[in-house]
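Work through the exercises below with the model open beside you. Try each task before reading its solution.

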Amino acid sequence: MRGERQAAYAQLDVYWCEYREAEWAVGEGLEALNAAMPRLGATVLQVLREQSRHVYPLFTDLLISCVDSRSARGALHRIAWRDTSRYRYWLDLGNTEATAQVVLGQPEGGRALDPRATGPRLPCVTELFPELLDDTAPEDNQPSCSVRMSLASQGLFVNDVAVRFAAQLLYELFSRGRLVQHGVVVNLDSKRAGPIEVDPRTWARFGFFHAGSESNQSESRTLTEAEAE
């Protein structure tokens, strides 16, 4: 806008250049761009998708991650927990040589939780496995799962098993609108897979309790002791 008159543009070229990690909450922003100039928002979104390497777009409802380091997963955790985050779900896949964990959780970001939602919030992978955020623990320096050399350090099918369980969780969520289990822990050496139930008693076994649930903590300890007997 120039004064009271709107400037006319025959063509607009958009370029993207990144020098550091950044965040772009472009949900409502794209709508504003489209309102100011037709197709400008769509153009910016396309540039983000094709050229962005270090930007975490915050306009999606679902965050899916499969990273190789604690630092990368810690960065995702911080992003999902920020007030500007719009992620409603975080699906994380992780594995070692013969084990894997898949967890679909609901982060505590500013707009992540629907006030109309019923039931407890699903804990995320970093809440059930807090050691994944431990900066003092040594990083796994094995080759990335995307490198062919990794076959010498991790099982041939462990990634495939994790992906199939993750896809099943998404299928159940989208087709049924609800989940009975929101994760799984797999051990290929022992040929066992254990579901992570949507149940505070299950979360208690991982050491996770929702804030302000002291009564639930004591109840869960009682139930655990009873089951042990």
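The exercises go from the whole chain to the sheet, then to rings, cysteines and one loop residue.

The model is predicted: local features need pLDDT of at least 70, side-chain atom pairs count only at pLDDT 80 or more, and totals for chains, interfaces and linings use all residues. Residues are numbered from 1 along each chain as its sequence is written, and side-chain values use heavy atoms, with hydrogens and water left out.

**Exercise 1. The whole chain**

Task: List the secondary structure in order, then describe burial, surface and contacts of the protein.

Solution.
- Step 1. Take helices (H or I, at least four residues) and strands (E, at least two) as DSSP runs, numbered from the N terminus.
- Step 2. The protein has seven helices and seven strands. Their order from the N terminus is β-α-α-β-β-α-β-β-α-α-β-β-α-α.
- Step 3. Sort residues by relative accessible area: buried is under 20%, exposed over 50%, partly exposed in between (1.4 Å probe, protein chains only). Buried residues make up 33% of the 229 in the protein.
- Step 4. Compute accessible areas by the Shrake-Rupley method with a 1.4 Å probe; for residues, only the protein chains shown count as cover. The protein exposes about 15,000 Å², and carbon and sulfur atoms hold 51% of that surface.
- Step 5. Count contacts, meaning heavy atoms within 4.5 Å. Among contacts with a separation of 6 or more, 60% join residues 24 or more positions apart.

**Exercise 2. The sheet**

Task: In what order do the five strands of the open sheet lie, and which strands stand at the edges?

Solution.
- Step 1. Pair two strands if DSSP finds at least two bridges between them.
- Step 2. The order is S3-S4-S5-S6-S7, with mixed pairing. Strands S3 (62-65) and S7 (192-197) are at the edges; each has a single partner strand, so one side of each lacks a neighbour in the sheet. From one strand to the next, the twist averages 10°.
- Step 3. Go through the pairs. S3 and S4 run parallel, joined by four bridges; here Leu62 has Tyr89 in S4 as its bridge partner.
- Step 4. S4 and S5 are antiparallel, with six bridges. Gly94 faces Gln101 in S5. The hairpin from S4 to S5 passes through three residues.
- Step 5. S5 (residues 99-105) and S6 (residues 181-187) are also antiparallel, with five bridges between them. Val103 is paired with Gly183 in S6, and Ala100 with Val186 in S6.
- Step 6. Check the cover. In S5, six of the seven residues are buried; in S4, five of the seven are.
- Step 7. Place the helix. Axes are lines fitted to C-alpha atoms, for helices over the stretch in contact, and angles run from 0 to 180 degrees between N-to-C directions. Helix H3 (residues 70-80) packs on the sheet and touches S3 and S4 (89-95). The directions of H3 and S4 make about 170°.

**Exercise 3. Aromatic pairs**

Task: How many aromatic pairs are there?

Solution.
- Step 1. Rings of Phe, Tyr and Trp (its six-membered ring) pair if their centres lie within 6.5 Å; planes under 30 degrees apart are stacked, over 60 edge-to-face, the rest tilted.
- Step 2. This rule gives two aromatic pairs.
- Step 3. Phe129 and Phe206 are edge-to-face, 5.5 Å centre to centre with 75° between the planes. They are 77 residues apart: Phe129 is in the loop between H4 (125-128) and H5 (158-176), and Phe206 in the loop between H6 (200-205) and H7 (214-228). Phe129 is buried at 14% relative accessible area, whereas Phe206 is partly exposed at 28%.
- Step 4. Trp203 and Phe208 have ring centres 6.3 Å apart and planes at 75°, so this pair is edge-to-face. Trp203 is buried at 1%, and Phe208 is buried at 9%.

**Exercise 4. Cysteines**

Task: How many disulfides does the structure hold?

Solution.
- Step 1. Look for cysteine sulfur atoms within 2.5 Å of each other.
- Step 2. The structure has zero disulfides.
- Step 3. Compare accessibility. Cys66 is partly exposed at 43%; Cys124 is buried at 0%.

**Exercise 5. A loop residue**

Task: Where does Leu133 lie, and which residues is Leu133 in contact with beyond four places in sequence?

Solution.
- Step 1. Leu133 sits in the loop between H4 and H5. Its relative accessibility is 30%, partly exposed.
- Step 2. Beyond its neighbours within four places, Leu133 is in contact with Arg73, Gly74, His77 and Thr126.
- Step 3. Leu133 and Arg73 are 60 residues apart in sequence, yet 7.4 Å apart in space, C-alpha to C-alpha.
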